[in-house]
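Colleague: I have a few questions about this model before our meeting. May I go through them with you one at a time?

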Number of protein chains: 2
Amino acid sequence: MLRGDITVAIRTAVMNELAEVGYGRLSIEAVARRAGVGKTAIYRRWSNKLEMVLEIISDVAERKVPLPDTGSFAGDLELLMMIVSRALQHRIASQIIPDLMAEAARNPQIAETLQRALRTHQQAVGEKLVGQAVARGELPEDTDADLAVDLILGPLYWRLAVARQPLGDDDLEKLAAAVTAALRASSD
Amino acid sequence: MLRGDITVAIRTAVMNELAEVGYGRLSIEAVARRAGVGKTAIYRRWSNKLEMVLEIISDVAERKVPLPDTGSFAGDLELLMMIVSRALQHRIASQIIPDLMAEAARNPQIAETLQRALRTHQQAVGEKLVGQAVARGELPEDTDADLAVDLILGPLYWRLAVARQPLGDDDLEKLAAAVTAALRASSD
DNA sequence: GTACGACGTAACGGTTGCGTTCCGCCGTTT
DNA sequence: AAACGGCGGAACGCAACCGTTACGTCGTAC
């Protein structure tokens, strides 16, 4: 019964509004204005701001990242880091993600939604990446997948989302090499 | 002329309010209420919310971190990571920092203030740490100090401020060992 | 062609915050 | 003793947004 095109307009309006003003200052009225839609159309779909954002965000966040398998750990790692760095340099994502992360620190529902989306996929990616490398003999058997995830995503997130410094291909290579060295030695 | 005790009350109220509701929803009225102070006392000191927060934050952020020098790179690194992890696990800091980081993405003035505070100190710490280690022959001469900072702070920030998973002393050791290995190999 | 229902518009009363102003109080300075 | 000035409190007009309601339009299903 609800018109699909209008739902889409609202969803993209929410994303853009989130990027521009953040969750804290996001207002239903502004979303309606931006989407060219009446407030009623929004309240017909969701009962309040939190519910609306949660539904839209979790929908976007749960789109799976393709798990790399290039045949070598170095290749997998570089591909993964490339994908993540591209994502974190995307205009909207780079605004929304840190904002929601910060919001999650004080809103358990947002935290849970993000954790489910992030952790599930990232942990899976990390475990697959490490598992493949261990199976190939490229990494020690006792390699810690969680540690690997921290080492891979941490510097990328820090550099791109926090320090907000551009990351060139050469930087990416250096980073990948460093992470590889770190994990190779991790059984010491 | 302005009473110092009142200024202090306002400052701490701002910090607590920032931690609880974030910059986006921080209101002068709430700060005044929390500080047990009239709005006039606030407007007598700052002309608006942005100016107030910037002044207070930059004041706090510019308190220098003691630069470690334990005599060995491993010692320096572990000490630094311990200090940073302690700071990031502090209740108020762990709420305020990601929030302001996210806000910085859309407010150039906040971005500049944070960059100045963060970058200046972190870069200095990174360069000193790496410099000492290189001088002692513990790291290759061409070690990239920026890369080192990314590798040291990235995983910590990711783990504590983003993923919000506790970091035990053993995890810290593993992380430090991994970073050391990464940097040792970075001249390859 | 009639009934249904989602749509936009407009308005509602209520809340919150803005930045400003005026007041009376009170401690300090002179 | 008098003047000064920061203080809290209260109220101002204004703006934004909340969540809800009523209304008229329009496309679709029956």
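Colleague: Is A:Gln132 buried or exposed?

Modeller: In this predicted model, A:Gln132 has a relative accessible area of 14%. The cut-off for buried is under 20%, so A:Gln132 counts as buried.

Colleague: Which helix is A:Gln132 found in?

Modeller: A:Gln132 belongs to helix H7 of chain A, which covers residues 108-135.

Colleague: And what is A:Gln132 in contact with, leaving aside its neighbours within four places in sequence?

Modeller: With those neighbours set aside, the contacts of A:Gln132 are A:Pro68, A:Asp69 and A:Asp76.

Colleague: Let us turn to the two chains. How many residues does the contact take from chain B and from chain A?

Modeller: Chain A contributes 41 residues and chain B contributes 41 residues. The area buried between them is about 3,600 Å², and carbon and sulfur atoms give 57% of that area.

Colleague: How many salt bridges are found across the interface?

Modeller: The rule finds eight salt bridges between chain B and chain A. One pairs B:Arg106 with A:Asp99, where the closest N and O atoms are 3.2 Å apart. There are also twelve residue pairs in polar contact between the two chains, with both residues at pLDDT 80 or more.

Colleague: Which helices of chain B supply at least two residues each to the side that touches chain A?

Modeller: Those helices of chain B are H1 (4-25), H6 (91-104), H7 (108-135), H8 (145-162) and H9 (169-184). H8(B) gives the most, with eleven residues. By class, this side of chain B has 22 nonpolar, seven polar and twelve charged residues.

Colleague: Now the DNA. Which residues are closest to DNA strand D?

Modeller: The closest are A:Ile28, A:Glu29, A:Lys39, A:Tyr43 and B:Arg45, and 18 residues surround the strand. By class, the surface near DNA strand D has seven nonpolar, five polar and six charged residues.

Colleague: Which helices supply that surface with at least two residues each?

Modeller: From chain A, they are helix H2 (28-35) and helix H3 (39-43); from chain B, helix H3 (39-43).

Colleague: What part of DNA strand D lies within 4 Å of the protein, by atoms?

Modeller: Of the strand's atoms within 4 Å of the protein, 66% belong to sugar or phosphate and the rest to bases. On the phosphate side, an N or O atom in the side chain of B:Arg45 is 2.8 Å from a phosphate oxygen. For A:Arg33, a polar side-chain atom lies 3.1 Å from a phosphate oxygen.

Colleague: And what does B:Thr40 lie beside on the strand?

Modeller: A polar side-chain atom of B:Thr40 lies 3.3 Å from a base nitrogen of DNA strand D.

Conventions: Residues are numbered from 1 along each chain as its sequence is written. Chains are lettered from A and ligands numbered from 1 in the order in which they are written. This is a predicted model: local features need pLDDT of at least 70, side-chain atom pairs count only at pLDDT 80 or more; totals for chains, interfaces and linings use all residues. Side-chain values use heavy atoms; hydrogens and water are left out. Contact means heavy atoms within 4.5 Å. Buried area is the accessible area (1.4 Å probe) that two parts lose on being put together, summed over both. A salt bridge is a side-chain nitrogen of Lys or Arg within 4 Å of a carboxyl oxygen of Asp or Glu. A polar contact is a pair of N or O atoms within 3.5 Å; within protein, one must be able to donate a hydrogen and the other to accept it, and residues adjacent in sequence count only if both atoms are side-chain atoms. Helices (H or I, at least four residues) and strands (E, at least two) are DSSP runs, numbered from the N terminus. Ala, Val, Leu, Ile, Met, Phe, Trp, Tyr, Cys and Pro count as nonpolar, Asp, Glu, Lys and Arg as charged, and the others, Gly among them, as polar. Buried means under 20% relative accessible area, exposed over 50%, partly exposed in between (1.4 Å probe, protein chains only). A residue is near a molecule or strand if one of its heavy atoms lies within 4 Å of it.
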